[in-house]
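Biologist: Could you take a close look at one part of this model for me? I'd like to hear how a pair of helices sits together, and then whatever else you can tell me about the rest.

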Amino acid sequence: MDKVTEQAIGPQTNPYERLPAELRALPQWCVTPGTATDKAPRRLDGQNASVTDPTTWADFDTACRVASERGWRVGFVFTANDPFACIDLDVVNEETQRAKGEPIDASKWTTPEVLQRYATGITNMNCYTERSRSGHGFHVIARGNIGKGRRRDGVEVYSQERFLICTGDVHLDQPVGDRQSELDSMVAAMAPPAPEVELWGDPDPDYAVADRAAVDGGELGKLFRGEWAGRYPSQSEADLALVKLLAPLTDTPRECWATFRLSKLGERDKAGRADYAKRTMSLALQHAANDAAQVEHGKVLSDGMFLQAAQNPRHFRLLMDGDLDRLPRLRWLVKWIIPDAGVGAIYGDSGTFKSFLTLDLLAHIANGREWFEQRVRQAPAVYVPFEGQGGIPNRVRAWRLAQTQARLPEGQFAFAPAADVVSNIAVIMDPLNLREQADRDKLVATLTESGWAGGVLCIDTLAHASAGIDENSSEMGEMIAVFRDLQQRLGGVILLIHHSGKDQARGMRGWSGLHAAMDFVIECQRDKSTGTREAQFVLTKVKDGSDGRAFEFEAVPVQLGQDEDGDFESSLTIVPTGGEVDRSRDKSKPDAEQDRDDDNFVWEWVKRELEAGEYPSGRSLEGQREKQMSQERVLTQKRLRDAINRLRASSRLVDSLDKAPSGNLYLVAM
């Protein structure tokens, strides 16, 4: 037991008061004997606590009092709902081995080179850092979410379901900063544990990949054709090798395995077993992760954890190709529409249902449900309506009621939302002035300490949030700086609701630099002359995505019942209609004429493929649609599929009598 543990920690000498206030404010504390051989979290009564059961935790002050009475220590429980992560840097030397009762083995001691990497990494992370119980290791506390985490070479990083014995023995007295990108890079570089892979995704094989593999002259083709004997110890190892080659060419584990089943290796009965598929895919992804890391023992600490940070604190970091490869890839909240970090806007004229569309978007993000058939990553959604606050309860209720009714059998109708149908949106209606630093600090504290940071913070509207600023001048740059600051401190996305200008063709109202300052911009449009509630939204700007895509929707009335005066109440909810708009169609031509042109183009394309010795299939044509085909004719995926179906129905395209080298049928132009 070290000398600090031997002393009861009294209220006058409590080092825990130096712990970050953000951690001390959360009721996620346990007590523990805190010795080298007993580090388990305990409840206040001394019984074992659980890192997944909040009923076994306590608030900070109570935990400190009980720990003082027992001569124990206190520790913090990291959860998925708080914004904090820990980097635990372990140091092994003679003293720590003696304390643990381990044999003295100098070969296991932490080297001076590793200690120097620790020092450099701590400096560059620049977050609150304390010494561990032994006085030799370190705990770095940062903001970031990396799940249960990873461990390698004496370094452990985690952000949930873990218990950290805290000391308050400050090594670097800095705030707890947002280090999500650094944590992502560190985790990416550390060899992951064997993944538990579920075969999720499209159940259909990628025929284009199969066709390519069947004629490949290298290892991919040899394995796909079943040529493994004499080169692999068993067919199972050959199966694994082929799946590793197919995985980067397909989109999901299930699609990868379905494509593997088209190979000669995939024909045996064993390949049809779910347990064999899961085990092989898990190993393939594990090997791919290890191969991609390409790290030697210890190198992960400098290259992965600290990204080869500048050795001289006076210099900026210079990132080379390898460093850039280890940076986290671009991720999306709503695939190809809203990135998982940045500042963006939804705007439109009055009556284009932009606020209703926004609420629908937030609810889908908060519930992790697809939005307009686009994949969504679940994240916290917070809505700050500066105007129209009185209507928010009815709008949320209408959304919930619409989801309830959609689940009911045809002919049934619900007059109240089901209890399990919730929007999961948090709404702030308290007075708030984002131009005041104190209010921004309070907003950040509210969201970070309650676990609502890192998702979407929606401000409705930009005009009300920036009251007092001339929105037509560069003074709006002040508000852009405010939103960028909030985004940096909270993580995630700041979503602004704004209005169109008098000239709708010029985009958002006000300062011309507003559009350039956004990471994404969505415009709501509606032809009010039709008298309907039909509208659409257009992606006018998506960094690293595709601009110009449009999606149709309708604002549908939802009856909410009667108010206290007996009058009927209603609100609106958003319903997608018609899917993504095909903006490539020539409006001057009748649909039948364009369909005929599509059919002739696809038929000619299949014919050319056959003449070139290829084996065209529906999947292979889809794979060529955006790159090769678009140079001659722009076709959406739906138009291509419709053309193939029409050609099949008219027998202008038929399935081949023989099979391609991949073993699959292909299309023949008649």
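Modeller: Let's start with helix α15 (residues 437-449) and helix α17 (residues 477-490), which pack with their axes 10 Å apart at an angle of about 30 degrees. Keep in mind that this is a predicted model. Angles under 35 degrees count as roughly parallel, so that's the label α15 and α17 get. Their crossing is right-handed. As for who touches whom, α15 brings Q437, R440, D441, L443, V444, L447 and T448 to the contact, and on the α17 side they meet V482, D485, L486, R489 and L490.

Now for the strands. There's an open sheet of six, running β6-β7-β3-β5-β4-β9 with antiparallel pairing. The edges belong to β6 (150-152) and β9 (170-172): each has a single partner strand, so one side of each has no neighbour in the sheet. From one strand to the next, the twist averages 20 degrees. Zooming in on the β9 edge, strand β4 (residues 129-131) pairs with β9 in the antiparallel sense over two bridges, and there E130 stands opposite V170 of β9.

Last, the cysteines. Searching the whole structure turns up zero disulfides. Take C86: the closest cysteine sulfur is the one in C166, and at 8.1 Å from the sulfur of C86 that's too far for a bond, because a disulfide needs the two sulfurs within 2.5 Å. C86 is also buried, at 0% relative accessible area. C524 counts as buried too, with 2% relative accessibility.

Methods
Residues are numbered from 1 along each chain as its sequence is written. This is a predicted model: local features need pLDDT of at least 70, side-chain atom pairs count only at pLDDT 80 or more; totals for chains, interfaces and linings use all residues. Side-chain values use heavy atoms; hydrogens and water are left out. Buried means under 20% relative accessible area, exposed over 50%, partly exposed in between (1.4 Å probe, protein chains only). Two strands pair if DSSP finds at least two bridges between them. Helices (H or I, at least four residues) and strands (E, at least two) are DSSP runs, numbered from the N terminus. Axes are lines fitted to C-alpha atoms, for helices over the stretch in contact, and angles run from 0 to 180 degrees between N-to-C directions. Angles under 35 degrees count as roughly parallel, over 145 as roughly antiparallel, 65 to 115 as roughly perpendicular and the rest as oblique. A crossing is left-handed if the near helix is turned anticlockwise from the far one by less than a right angle, and right-handed if clockwise. Contact means heavy atoms within 4.5 Å.
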